[in-house]
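Biologist: Got a minute to walk through this one with me? Pull it up and let's go.

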Amino acid sequence: MSRTSAGHSVLVVPVPELETYVLERTRHYDDSFVSADPAFVHAHITLLAPFVASPTTDDLERVGKIAAAAAAFDFRLDEVRVFAGGTIYLAPEPAEPFAALTAELSAAFPQCPPYAGLFEPLPHLTVDHIAGGVDLGSTRTSLTPFLPARCHADRVSLQWYANHDCRVIAEWPLGGSPRHGEGAEIACIT
């Protein structure tokens, strides 16, 4: 059953190493959030959400400067945990580079507190939810082929989430270095 979403923007670090798993779980719950955008990565660690609905050129440049000032980094995902509300997630190790990016972005955009101020930001990659026979044990078992995942954070992605309209708006390489042979300019994809 599809829920209707007016949509919102979010700043994330894509995690392509877990894309196969997260894409399958997204399809399972609500395929209206499966993106047709080939640049979109469903598996991600959120840095700031919700973000500005209609970012200005100045907003985009501010994000670009923060991304350029942060070095790309390696991290590992293998610890499966659950939040009190039933969201099952993977905790990145180390978590500090993600927390630092969230702190920088929050300071630059005080009008956009992480999770609208409802939750303390904790770096994580959502993989499932406890419901309908899914629990921590079944999720650990289904993640066995994917873990441990050795990952590389190389960019910040501004994504739009809405039913039938999940897409990348812009991306910036961490450290300001080119990614996959591309130029270091802001890649606005609208």
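Biologist: Which residues does Leu-125 touch, not counting residues up to four places away in sequence?

Modeller: Keep in mind that this is a predicted model. Leu-125 belongs to the largest nonpolar core, where Leu-125, Leu-11 and Leu-18 touch the most other members. With residues up to four places away in sequence left out, the contacts of Leu-125 are Val-15, Leu-18, Val-22, Ala-43, His-44, Ile-45, Leu-77, Ile-88, Tyr-89 and Leu-90.

Biologist: And how many residues are in the largest nonpolar core?

Modeller: Leu-11, Leu-18 and Leu-125 are the members of the largest core that touch the most others, and the total for that core is 46 residues. Another core lies apart from it, with Val-12, Ala-49, Tyr-161 and Val-168 among its eight residues. So that the answer ends where you asked: the largest nonpolar core, as buried residues joined within 4.5 Å, has 46.

Biologist: Is Cys-151 buried or exposed?

Modeller: The relative accessible area of Cys-151 is 3%. The cut-off for buried is under 20%, so Cys-151 is buried.

Biologist: How do H2 and H3 run relative to each other, parallel or antiparallel?

Modeller: Helix H2 (residues 57–69) packs on helix H3 (residues 96–108) with axes 10 Å apart and an angle of about 150 degrees. An angle over 145 counts as roughly antiparallel, so H2 is roughly antiparallel to H3. Arg-62, Val-63 and Ile-66 of H2 make the contact with Leu-101, Glu-104, Leu-105 and Ala-108 of H3. As for direction, then: roughly antiparallel.

Biologist: Where does Pro-50 lie?

Modeller: Pro-50 follows a cis peptide bond from Ala-49, with omega near -10 degrees. Most peptide bonds are trans, so that one is worth a look. As for its place, Pro-50 is in strand E2 (residues 44–51).

Biologist: Which residue does a cis peptide bond join to Pro-148?

Modeller: Pro-148 sits in the loop between helix H4 (136–143) and strand E6 (149–153). Omega is about 0 degrees for this cis bond, and the partner of Pro-148 is Leu-147.

Biologist: Is His-164 buried or exposed?

Modeller: You'll find His-164 in the loop between strand E7 (155–161) and strand E8 (167–173). His-164 has a positive phi of about 60 degrees, though it is not a glycine. Its relative accessibility is 67%, and the cut-off for exposed is over 50%, so His-164 counts as exposed.

Conventions:
Residues numbered from 1 in each chain as written. Predicted model: local features only at pLDDT ≥ 70, side-chain atom pairs only at ≥ 80, totals over all residues. Heavy atoms only, no water. Core = buried A, V, L, I, M, F, W, Y, C linked by side-chain atoms within 4.5 Å. Buried < 20%, exposed > 50% of the residue type's maximum accessible area, 1.4 Å probe, protein only. Contact = heavy atoms within 4.5 Å. Axes fitted to C-alpha atoms, helices over the stretch in contact; angles between N-to-C directions. Helix = DSSP H or I, 4+ residues; strand = E, 2+ residues; numbered from the N terminus. Parallel < 35°, antiparallel > 145°, perpendicular 65-115°, else oblique.
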